[in-house]
Amino acid sequence: QVQLVESGGGLVQPGGSLRLSCAASGIIISFNDMAWYRQAPGKERELVAKITSFGNTNYADSVRGRFAISKDNAKNTVYLQMNGLRAEDSGVYFCNKFSNAVSWGRGTQVTVSS
């Protein structure tokens with residue numbers, strides 16, 4: 001059974017940092033391109049960052065230079081380090097395969113507010 005469990009979200013002030021984790025089971029992340037997505041209230045889910053099976057990374061323009069995606073194949077876990085957070089980064093963050101997405105997890109809430 002495939003399961004993705006996101007964690008690490010919370011309330012942070014503008015300019016702050018958070019590190020999100022995505023623990024995967026039922027899929028092997030080293031064989032898959034993985035990605036982080038986010039969904040703000042009233043908006044569609046959007047791609048934030050992607051990491052290929054080889055470890056190459058890509059970012060949405062809005063987060064490039066502030067966020068960093070990484071993974072630990074041994075732990076079958078994907079991470080998202082978020083620095084310089086802004087109010088517009090608020091939303092629920094999800095991870096999934098970049099293509100042929102599997103069942104979505106519950107996500108983790110990120111709120112950036114003073």
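Buried means under 20% relative accessible area, exposed means over 50%, and partly exposed covers what lies in between (1.4 Å probe, protein chains only). By that yardstick, Pro-14 is partly exposed, with a relative accessible area of 47%.

A word on the source: this is a predicted model, where local features need pLDDT of at least 70 and side-chain atom pairs count only at pLDDT 80 or more, while totals for chains, interfaces and linings use all residues. Residues are numbered from 1 along each chain as its sequence is written, and side-chain values use heavy atoms, leaving out hydrogens and water.

Back to Pro-14: you'll find this residue in the loop between strand 2 (10-12) and strand 3, with strands being DSSP runs (E, at least two residues) numbered from the N terminus. Here are its partners, with contact meaning heavy atoms within 4.5 Å.

| Residue | Relation to Pro-14 |
|---|---|
| Val-112 | in contact; 98 residues apart in sequence, 5.8 Å C-alpha to C-alpha |
| Leu-85 | in contact |
| Ser-113 | in contact |
| Ser-114 | in contact |

Now the sheet. Six strands form an open sheet in the order 2-10-9-4-5-6, with mixed pairing; strands pair if DSSP finds at least two bridges between them. Strand 2 and strand 6 (57-59) sit at the edges with a single partner strand each, so one side of each has no neighbour in the sheet. Strands 9 and 10 run antiparallel and are joined by three bridges, and Val-92 stands opposite Gln-109 in strand 10.

Conventions:
Helices (H or I, at least four residues) and strands (E, at least two) are DSSP runs, numbered from the N terminus. Lists of a residue's contacts leave out its neighbours within four places in sequence.
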